[in-house]
Amino acid sequence: MAPNPGSPCLFCDIAQGRIGATVVLESDRLLAFLDIHPIRRGHVQIIPREHFICFDDLPTDVASEIVAVGQAIARVQKRLYKVDRVAFLFTGGDVAHAHAHVVPMVEKTDITSRRYIQEATLTFASTPRVSERDLEAVAAELRDALGHR
């Protein structure tokens, strides 16, 4: 396990149950929950319960489990949300705790990099925070489709 930095880690707090999350799936080593500012309906984050700062710090078996869970969630998202593709990305820009996003892609630009945008000046708005009621409804549909209750 990589050392937890001196500052508090949001995802460690979620993994330890100190901060609530709308859980879709969990195991002894992983937690998959809904993003509260989703790019698209059903946007899930998968985190290891142990603290690893970057995805390349993950033990191979933990990274493999994250990918396997991501694939299972992606299959369900395709069916539920009628999308042809689902994005899966390991990130760490906002929270220094290795995590993956699983995002149903409605538009091919849903996860577009700034490098592809031609306009020099852009403005961005945060995606809206989803209500607890809506998060729970989405989590229920994903859990049911995954066979987890």
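Author: Contact here means heavy atoms within 4.5 Å; helices (H or I, at least four residues) and strands (E, at least two) are DSSP runs, numbered from the N terminus. The model is predicted: local features need pLDDT of at least 70, side-chain atom pairs count only at pLDDT 80 or more, and totals for chains, interfaces and linings use all residues. Residues are numbered from 1 along each chain as its sequence is written, and side-chain values use heavy atoms, with hydrogens and water left out.

Reader: Which strands does helix 3 lie across?

Author: Helix 3 lies across strand 1, strand 2 and strand 3, at about 35° to strand 1. That angle is taken between N-to-C directions on a scale from 0 to 180 degrees, with axes fitted as lines to C-alpha atoms (for helices, over the stretch in contact). Helix 2 also packs on the sheet: it touches strand 1, strand 2, strand 3, strand 4 and strand 5, and its direction makes about 150° with that of strand 4.

Reader: What makes strand 1 and strand 2 a pair?

Author: Pairing needs at least two DSSP bridges. Strand 1 and strand 2 have three, in the antiparallel sense, so they qualify. One bridge joins Glu-26 to Leu-31 in strand 2, and three residues sit between the two strands of this hairpin. Strand 3 and strand 5 pass too, with three bridges.

Reader: Why are strand 1 and strand 4 called edge strands?

Author: Each pairs on one side only. The open sheet runs 1-2-3-5-4, with antiparallel pairing.

Reader: What makes the Asp-28 and Arg-49 pair a polar contact?

Author: A polar contact is a pair of N or O atoms within 3.5 Å; within protein, one must be able to donate a hydrogen and the other to accept it, and residues adjacent in sequence count only if both atoms are side-chain atoms. The backbone oxygen of Asp-28 is 3.5 Å from a polar side-chain atom of Arg-49, so the distance fits the cut-off. Arg-49 is in the loop between strand 3 (44–48) and helix 2 (60–81).

Reader: How do you know how many lining residues of the largest pocket are charged?

Author: Asp, Glu, Lys and Arg count as charged; Ala, Val, Leu, Ile, Met, Phe, Trp, Tyr, Cys and Pro as nonpolar; the others, Gly among them, as polar. The lining divides into 17 nonpolar, twelve polar and five charged residues.
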